[in-house]
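Here are my notes on the model you sent over. Have the viewer open while you read, and go point by point.

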Amino acid sequence: MDAIERIPSGSQGLDTILNGGLPPNRLYLVEGSPGAGKTTLALQFLQQGVALNERCLYITLSETSEELEAVAISHGWSLNGIDLFELASAEEVLGDGRQQSILHPWEMELGGTIRLIQDQVERIRPTRVVFDSLSELRLLAQDPLRYRRQVLALKQFFAPRKATVLLVDDLTGNRGERDAHLHSLCHGVVTLQRLTLEFGASRRRLQVQKLRGVDFVAGMHDFIIRKGGIRVFPRLIAAQHHVAFEGEPVLSGVAGLDALLGGGPLRGTSTLVTGPAGSGKTTLALQYVDAACLRGERCTIYEFDERIATMLVRSGSMGMHLQQHIDNGLLDIRQIDPAEVSPGEFAWLVRDAVEQDNCRLIVIDSLSGYLAAMPEEQQLILQMHELLSYLSQRGVSTFLLNPQHGLVGTMSTNLNVSYVADAIVLLRFFEAEGRIRKAISVIKNRSGNHEDTIRELRIDKHGVRVGECLVNFKGVLTGTPEYDGNTSPLMENRASDII
């Protein structure tokens with residue numbers, strides 16, 4: 001399979017899915033509902049041919065040259081170098097009387113149109129052809145059997161002419177259903193989908209249904225349409241991205257915090273920081289980011305919830321100068337709009353940070369925001385598992401922030417990702433001496449030993465500090481912690497706090 005010659009499709013992501021591109025001189029079907037991106041993909045395919053000095057032909061039975069020109073201009077393209085054949089041209093040659101006279105039945109319309117197309121192909125001798133669309137051909141044929149025979153005739157006509165042909169089908173003439181017989185005639189089938197969500201931008205997905213003799217990446221792949229064409233995000237397969245790395249501990253710069261995690265989380269592991277709103281989840285993750293940047297490591301924060309400006313001001317008040325790390329090129333904070341970003345696109349944002357920018361630590365804040373980008377929770381778990389596996393294979397440390405509902409009492413979360421994380425840090429509020437305080441504990445650490453103690457966590461202008469172990473503490477895991485021990489370990493006297 002790997003020895004088969006390939007030609008680029010015009011989309012780098014699609015070529016990745018096809019493991020190099022399309023086998024040349026074959027007939028392919030591109031199908032999808034209106035608005036899915038078929039015309040854009042077809043023009044991108046021909047633009048690639050023009051760039052390679054190939055003769056290209058666009059046969060349009062549904063759109064005018066002005067409409068195609070508008071699509072091309074919107075992407076910054078030109079139709080120069082692409083020959084156009086319009087149905088209107090065929091009507092002029094055949095005569096308008098065919099629409100009014102019984103002397104021109106539909107059999108003659110179909111046959112005359114096909115002959116004109118064949119004459120155009122013989123004259124131009126293109127190596128890349130787009131036939132848009134089969135729905136118009138289906139209407140001209142009117143009979144399913146005659147339509148399929150005509151498509152087969154087209155396939156046989158193009159076969160000896162060394163042309164790679166894309167047949168575009170918008171499914172409107174077939175009651176929105178795929179034509180199994182048409183699939184069997186084509187060498188490969190690419191299906192485009194446009195999903196309309198209740199809120200936010202529509203999502204688009206691509207799937208290669210078949211490709212004879214070629215191994216390809218199966219399944220759904222997200223894609224977007226932007227100026228410049230279609231950008232496809234191939235489905236992430238973590239096992240294909242392993243690199244060798246040393247699994248040394250990742251230090252936070254806070255001795256008590258590192259002691260809780262048995263020296264710190266190891267490289268290539270993921271840490272889930274969970275707790276109620278305001279308990280310090282983001283600040284705890286920023287402490288690791290600040291320490292990593294001070295070591296000269298590159299970090300990326302994907303912020304779904306908090307505004308970046310607010311984060312920078314808040315972290316600066318606690319002695320963490322993130323803006324300085326940004327100016328030094330060590331920190332990248334990206335504001336993510338879950339209503340606009342698909343899971344596949346987000347995975348590729350992460351890949352670019354790791355592979356292009358050599359990012360060594362990533363923070364996702366928060367998983368609730370990431371959940372909004374997913375149509376179903378089960379898909380999120382699978383996506384997150386594959387993404388964390390990829391980061392693990394690349395030796396990247398990951399911090400996931402998962403807010404819980406409620407401030408005190410029994411708490412819950414709408415997302416159970418605890419089993420995919422290597423370590424879990426639990427934050428809780430508790431009351432002692434008439435003050436609301438914060439407790440921190442580690443309830444899981446696959447990468448090594450960890451303390452089973454409960455320590456007090458304090459976050460103020462002095463930064464993140466972890467106190468001594470608290471005993472006579474009960475109910476912390478239930479969400480209603482109660483401390484009835486000695487007050488001396490509490491971080492009341494700042495002069496004696498343990499840093």
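1. Start with the charge-over-ring spots. Arg128 lies over the face of Phe45, with 4.6 Å to the ring centre. A second case is Arg161, whose charged end sits over the ring of Phe157 at 3.8 Å from the centre. Bear in mind that this is a predicted model, so these distances are computed from predicted coordinates.

2. Next, how far can you trust the coordinates? The mean pLDDT of the protein is 86, and 86% of its residues reach 70 or more. Two stretches deserve a flag, though. Residues 93-106 stay under 50, and the model gives them 18 contacts beyond four places in sequence. Residues 493-499 are also below 50, with 12 contacts in the model beyond near neighbours in sequence. Where pLDDT is low, the predicted coordinates should not be read in detail, so I'd leave the contacts of both stretches out of any argument.

3. Now the overall make-up. The protein has 15 helices and 20 strands. Of its 499 residues, 53% count as buried. The accessible surface comes to about 22,400 Å², and carbon and sulfur atoms hold 50% of that. As for how the chain meets itself, take the contacts with a separation of 6 or more: residues 24 or more positions apart account for 69% of them.

4. On to the aromatics. Searching the whole structure turns up six aromatic pairs. One of them joins Phe304 and Tyr370: the centres are 6.2 Å apart and the planes meet at 75°, which makes the pair edge-to-face. Phe304 sits in the loop between β11 (298-303) and α11 (308-316), while Tyr370 is in helix α14 (residues 367-371), so the pair links parts of the chain 66 residues apart. Both of these residues, Phe304 and Tyr370, are buried.

5. Tyr370 has another ring partner, Phe346. Why is this pair called tilted? The planes of Phe346 and Tyr370 are at 50°, with the centres 5.3 Å apart, and tilted covers angles that are neither under 30 degrees nor over 60. Phe346 belongs to helix α13 (residues 343-355), so this pair links α13 to α14 across 24 residues. Phe346 is buried, just like Tyr370. Put together, ring pairs join Tyr302, Phe304, Phe346 and Tyr370 into a cluster.

6. What about the cysteines? There are zero disulfides in the structure. Cys293 is in none, and the nearest cysteine sulfur, that of Cys299, is 3.9 Å away. A disulfide would need the two sulfurs within 2.5 Å, so this pair does not count. Cys293 is buried, at 3% relative accessibility. Cys186 is buried too, with a relative accessible area of 0%.

7. Last, a look at Gln193, which has its place in strand β6 (residues 188-195). Which residues does Gln193 touch, leaving aside those up to four places away in sequence? They are Ala36, Arg178, Arg203, Arg204, Arg205, Met220 and Phe223. The C-alpha atoms of Gln193 and Asp222 are separated by 9.4 Å, and the two residues are 29 apart along the chain.

Methods. Residues numbered from 1 in each chain as written. Predicted model: local features only at pLDDT ≥ 70, side-chain atom pairs only at ≥ 80, totals over all residues. Heavy atoms only, no water. Buried < 20%, exposed > 50% of the residue type's maximum accessible area, 1.4 Å probe, protein only. Phe/Tyr/Trp six-rings, centres within 6.5 Å; stacked < 30°, edge-to-face > 60°. Helix = DSSP H or I, 4+ residues; strand = E, 2+ residues; numbered from the N terminus. Lys NZ or Arg CZ within 6 Å of the ring centre and 35° of its normal. pLDDT = per-residue confidence, 0-100. Contact = heavy atoms within 4.5 Å. Areas by Shrake-Rupley, 256 points an atom, 1.4 Å probe, with all protein chains shown as cover.
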